[in-house]
Amino acid sequence: MPSPSSIPCLVVDDQQTMRSLVRTGLQQLGFRTIHEAPDGEEGLRHMLARPVQLVISDYNMPKLDGLGLLRAIRSHPPIQKTAFIMLTGRADKELVQRAVQFGVNNYLVKPFTVGTLKEKIEAIFGVLA
Amino acid sequence: MTLGLAGQSQGYDAEPRKIHVIQGQFHVAEGDDVVLTTILGSCVAACIRDPLTGIGGMNHFLLPGEAGDEGLRYGVQSMELLLNALLRKGCRRDRLEVKLFGGGHLFDGLSNVGGQNSDFAERFVRDEGLRHVGGSLRGDRARRIQYWPGSGRARQILLAPTEAKVLVTERRAPVAPTQDSGALELF
């Protein structure tokens, strides 16, 4: 049973407010090491410098969007196995299918609850301690 | 030309085409022939535009978005959908101008949702680094808002206290025009 405190995370979203909300949700679930990035480029830079075990990324972002970030992570061997949850603003089947093709582990449609966030993470890591 | 939910375009008319934005929705439009309208009690509407492209939009949300099991929704979602729609149409985030309206506390004795909505909207704009260029929040009156995305002009019409009851109707269906009782031109 993994402890959330042992799973470092990266939250990537161009909206500070959404990053804060996801951070607060993760903190409520027991996560302690939470980094943030405002777009895919920054997120990738962060991953290459300081890899994490879980990335929660928005899809709609400037510079490099969520799909671009996912593809970049999957193409860099040192970080390619990082768990990746895509945040989407709407239930877009085509987007989710493309994300699955690129190796996304799960997706989360906004708005979502902390309970749903927990379910999506547990589907990847197992039941959290 | 109108973009977004309606997805239709039409030629120039002397009378602007009115698009009513109801609770939980947003609309993006451009051009001088369109006016976005809504009626607000405790709800808040954000009117956001890029002055260079002349594209703008309005949303209308019922509750703020705060952290909590049921909290990652409403205002945050509404603001994000509107911003994403604007950015997709070529607006640039660093040029966006925001006007905020609504957030009234209409009935004594009830929790001040309007105040919470207002606080959220102001905090959102500040945290996101957007330019808050005007509007009208809080107070104890319902409002009718008209917003011309092409020019950024906004007009607020305060409704008489007795007209607040129309807001209950609005939650079920778009509200028919009522008699104005305090027009105020803003900006």
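Over which residues of chain B, 172–187 or others, does pLDDT stay under 50 while the model has 29 contacts beyond four places in sequence? Select residues 172–187 of chain B, since pLDDT (the predictor's confidence in each residue, from 0 to 100) stays under 50 there, and the model has 29 contacts beyond four places in sequence for this stretch; two residues are in contact if their C-beta atoms, placed from the backbone, lie within 7 Å.

This is a predicted model, in which local features need pLDDT of at least 70 and side-chain atom pairs count only at pLDDT 80 or more, while totals for chains, interfaces and linings use all residues. Residues are numbered from 1 along each chain as its sequence is written, and chains are lettered from A and ligands numbered from 1 in the order in which they are written.

Stay with chain B and colour it by pLDDT: the average is 81, and 74% of the residues score at least 70. Among its elements, strand E1 (residues 2–3) of chain B has the lowest mean, 41, and strand E7 (residues 97–102) of chain B the highest, 98; helices (H or I, at least four residues) and strands (E, at least two) are DSSP runs, numbered from the N terminus.

Next, show the sheet of chain A, an open one whose five parallel strands run in the order E2-E1-E3-E4-E5; two strands pair if DSSP finds at least two bridges between them. Strand E2 (34–37) and strand E5 (106–109) of chain A stand at the edges with a single partner strand each, so one side of each has no neighbour in the sheet. Now select strand E4 (residues 83–88) of chain A, which pairs with E5(A) in the parallel sense over four bridges, and find Ile85(A), which stands opposite Asn106(A) in E5(A).

Add H5(A), which packs on the sheet and touches E4 and E5 of chain A, its direction making about 175 degrees with that of E5(A); axes are lines fitted to C-alpha atoms, for helices over the stretch in contact, and angles run from 0 to 180 degrees between N-to-C directions.

Finally, display both chains, whose contact takes 15 residues from chain A and 15 residues from chain B. Helix H1 (16–28) and helix H5 (114–125) of chain A each supply at least two residues of the side of chain A that touches chain B, and the largest share of that side, six residues, comes from H1(A).
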